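Work through the exercises below with the coordinates open. Each task is followed by a solution in steps.

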Amino acid sequence: MCGIVGYVGDKQAQEVVVEGLRRLEYRGYDSAGIALVEGGVVHTTKRAGKLANLDKALADEPLPESTTGLGHTRWATHGPPTDLNAHPHTDCTGRVALVHNGIIENFAQLRIALGGRGHTLTSDTDTEAVAHLLEEELGGGTDLAQAMRAVCRQLQGAFTLVAIDGDQPDVVVAARRNSPLVVGRGNGENFVASDVAAFISHTRDAIELGQDQVVTISRDDVVVTDYDGAPVDVREFHVDWDAAAAEKGGYAWFMLKEIDEQPQAVSDTLLGRYSPDGRLQLDEMRLSDDELREIDKVIIIACGTAFYAGLVAKYAIEHWTRIPCEVELASEFRYRDPVLSHGTLVVAISQSGETMDTLMAIRHARQQGSRVLAVCNTNGSTIPRESDAVIYTHAGPEVAVAGTKTFLAQIVACYLLGLYLAQVRGTKFGDEIAGIVGQLQQIPAAIQRVLAEAEPVRELARSLVDTRSVLFLGRHVGYPVALEGALKLKELAYIHAEGFAAGELKHGPIALIDHRVPVFVVVPPKGRDMLHDKVVSNIQEIRARGARTIVLAEDGDEDVVAYADELIRLPKVPTLLQPLVATVPLQIFACELADALGRDVDQPRNLAKSVTVE
Ligand code: M6R
């Protein structure tokens, strides 16, 4: 939810920290702030609103030069987005500055206790209490890392904390529990951040921090301990993308760039996973063939767009493996007491690898003895680290809050899982698997064609700026595509949109239809005759009630022509692969309509890319 960065080195900390915040702003944009240590004093500037407000404040009143600092970009949980509630927070003496991502669940008790001990807290946040707790610990003469460990032992909830101390100008200390934190290892400089993007232009060497760990960075050293001060082993990794990947590269919006990167995202996710001897190989599978043969149920858990990727995957996994597959919202999963066993494979799909609902769901699954496999785009994040196996999507960094290329990459990764299970369990012959992999390898070119032919979709979007409600219909794998199309429009354009299974239409939603409601319909390929014909009937039904029909149908499907007010052609692909091409025009439509309405496409209101609170 919030973005955090800390720096110690030989560069100007203000520049490094603000640049890091710019790359982390997707995580929250309710306020931004920075603190630096200079001359034994902590200097802080913070402003409500986007980072541009902080930039202006720093330009008007520059902070002193310093090589140690930290910063924060906020997605508000406790207290409205005001200057006062913006991070960093300080203690009574002003000696400590602290930033936080997550929720301190026992903050109310802590605040009362601190008040009773004479502290004055000025903000509405849960975070400020921690700054005052650090003040108390430091008062006893301990160093900042010791103080942080002592404080963390008193906290409940989820947190990444990063602190600086005016009396210890050469270190930044950070701690984590259930919230993301990575260390960037540079040459004569080190970093801590919520995400490697914050320091990618300085170093690509990173360290993944484990649960309940405290790290002290100085210019030349990184020391990681547990909350009792015992040294711990860490996992070092190299980031396989560079700073250019995290830049807009001439596009008006990150989202447009990421939509255009989809052919590459799909091919990179497939790359290296099919060996010349005709077998699928998944490097970080970590579950043996025997374990995979024991699986008698798959449950996919995820949120938002990742959940819709899971809904698509269900059709393929059941079809290819004959293993029952359920898909469930991660936020609902553990609260309904799901039936889990050692034979259940729980598949957690998450772009960020940090979504709290998904993280809590996998912990619950593991406690119940199930095996967990993560489908994730972020190396070094918590969900893959806490899973038994991982399939990384190689979509590269996704900065726009709305997921696009990672949705397609998640579908591809889940398909690889389905095919791998089929290979191990013998439910598909090798040549059948090879055939499907071959079809998947054709998809990047098909997406490229959809992108090249997207101008009419953009024109359509611009013609619909006065629309108040849009419906999306699909069937089979087209149903999750409809849900995803509706989600994109809601989150980007703030227009009411709903996705329905086309077959459900007559059971209620058809009452919504009149001439003011455009309806997108994803038509299955003609190869699926029955399904195709039923959807064509659905189009006729809604058209008869005055709706404007916007039909997505494959090349050569002439059956839809008479009933389509607008026709968006899709390349011919097998049914199960159709979501990989049909979603793309819907993403472009939402992006263009939002832009035409003057919305902030990359940073829609009220949202954050990474939802690290429940
Ligand atoms: O990082 P995750 O994939 O776990 O995130 C899940 C959802 O929060 C995310 O897909 C969200 O729905 C996006 N804003 C959709 O565009």
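A polar contact is a pair of N or O atoms within 3.5 Å. Keep that cut-off at hand for the ligand exercise. The model is predicted.

**Exercise 1. The ligand**

Task: Find which residues are closest to the ligand, then test the side chains of Ser350, Ser352 and Thr355 for polar contacts.

Solution.
- Step 1. List the surroundings. The ligand is surrounded by 13 residues. The closest are Ser350, Gln351, Ser352, Thr355 and Glu491.
- Step 2. Take Ser350. A side-chain N or O atom of Ser350 lies 2.6 Å from an oxygen atom of the ligand.
- Step 3. Take Ser352. Here the distance from a ligand oxygen to a side-chain N or O atom is 2.7 Å.
- Step 4. Take Thr355. The corresponding distance is 2.4 Å.
- Step 5. Check the cover. On its own, the ligand has 410 Å² of accessible area, and the protein covers 90% of it.
- Step 6. Apply the cut-off. A polar contact needs N or O atoms within 3.5 Å, so the Ser350 pair at 2.6 Å qualifies. The Ser352 pair at 2.7 Å qualifies by the 3.5 Å limit. The Thr355 pair at 2.4 Å does too.

**Exercise 2. Strand β22**

Task: Describe how β22 is covered, which way its side chains point, and which strands it pairs with.

Solution.
- Step 1. Locate the strand. β22 spans residues 518-522. Five of its five residues are buried.
- Step 2. Recall the pattern. In a regular strand, side chains alternate between the two faces of the sheet.
- Step 3. Sort the side chains. Pro518, Phe520 and Val522 point one way. Val519 and Val521 point the other way.
- Step 4. Pair β22 with β20. Strand β20 covers residues 469-474 and runs parallel to β22, with three bridges between them. Phe472 is opposite Phe520.
- Step 5. Pair β22 with β23. Strand β23 covers residues 548-554, and five bridges join it to β22 in the parallel sense. The bridge partner of Val519 is Thr549.
- Step 6. Follow Thr549. Is Thr549 buried or exposed? Thr549 counts as buried because its relative accessibility is 0%. A polar atom of its side chain lies 2.6 Å from the backbone oxygen of Tyr563.

**Exercise 3. Aromatic rings and charges**

Task: Count the aromatic pairs, characterise two of them, and find charged ends that sit over rings.

Solution.
- Step 1. Count. There are six aromatic pairs in the structure.
- Step 2. Describe one of them. Phe191 and Phe199 are tilted, with centres 5.6 Å apart and 35° between the planes. Both residues are buried.
- Step 3. Extend to the cluster. Tyr7 joins Phe191 and Phe199 in one aromatic cluster.
- Step 4. Describe another pair. Phe307 and Tyr308 are also tilted, at 5.8 Å centre to centre and 55° between the planes. Phe307 and Tyr308 are buried.
- Step 5. Turn to the charges. Lys50 places its charged end over the ring of Tyr29, 5.0 Å from the centre. The charged end of Arg605 sits over the ring of Tyr494, 4.0 Å from the centre.

**Exercise 4. Backbone geometry**

Task: Which peptide bond into Pro88 needs attention, and what is phi at Asn178 and Arg322?

Solution.
- Step 1. Set the expectation. Most residues other than glycine have a negative phi, and most peptide bonds are trans.
- Step 2. Check omega. The bond from His87 to Pro88 is cis, with omega near 0°. Pro88 is in the loop between β4 and β5.
- Step 3. Check Asn178. Its phi is positive, near 65°. Asn178 lies in the loop between β8 and β9, and counts as buried because its relative accessibility is 9%.
- Step 4. Check Arg322. Its phi is positive, about 60°. Arg322 lies in the loop between α9 and β16. With a relative accessible area of 63%, Arg322 is exposed.

**Exercise 5. A helix position**

Task: Place Ala590 in its element and relate it to Pro80.

Solution.
- Step 1. Ala590 is in helix α18, residues 579-596.
- Step 2. Its relative accessible area is 0%, so Ala590 is buried.
- Step 3. Ala590 and Pro80 are separated by 510 residues in sequence. Their C-alpha atoms are 29 Å apart in space.

Technical notes
Residues are numbered from 1 along each chain as its sequence is written. This is a predicted model: local features need pLDDT of at least 70, side-chain atom pairs count only at pLDDT 80 or more; totals for chains, interfaces and linings use all residues. Side-chain values use heavy atoms; hydrogens and water are left out. Buried means under 20% relative accessible area, exposed over 50%, partly exposed in between (1.4 Å probe, protein chains only). Helices (H or I, at least four residues) and strands (E, at least two) are DSSP runs, numbered from the N terminus. Two strands pair if DSSP finds at least two bridges between them. Rings of Phe, Tyr and Trp (its six-membered ring) pair if their centres lie within 6.5 Å; planes under 30 degrees apart count as stacked, over 60 as edge-to-face and the rest as tilted. A charge sits over a ring if NZ of Lys or CZ of Arg is within 6 Å of the ring centre and within 35 degrees of the ring normal. A residue is near a molecule or strand if one of its heavy atoms lies within 4 Å of it. A polar contact is a pair of N or O atoms within 3.5 Å; within protein, one must be able to donate a hydrogen and the other to accept it, and residues adjacent in sequence count only if both atoms are side-chain atoms. Accessible areas come from the Shrake-Rupley method with a 1.4 Å probe; for residues, only the protein chains shown count as cover.
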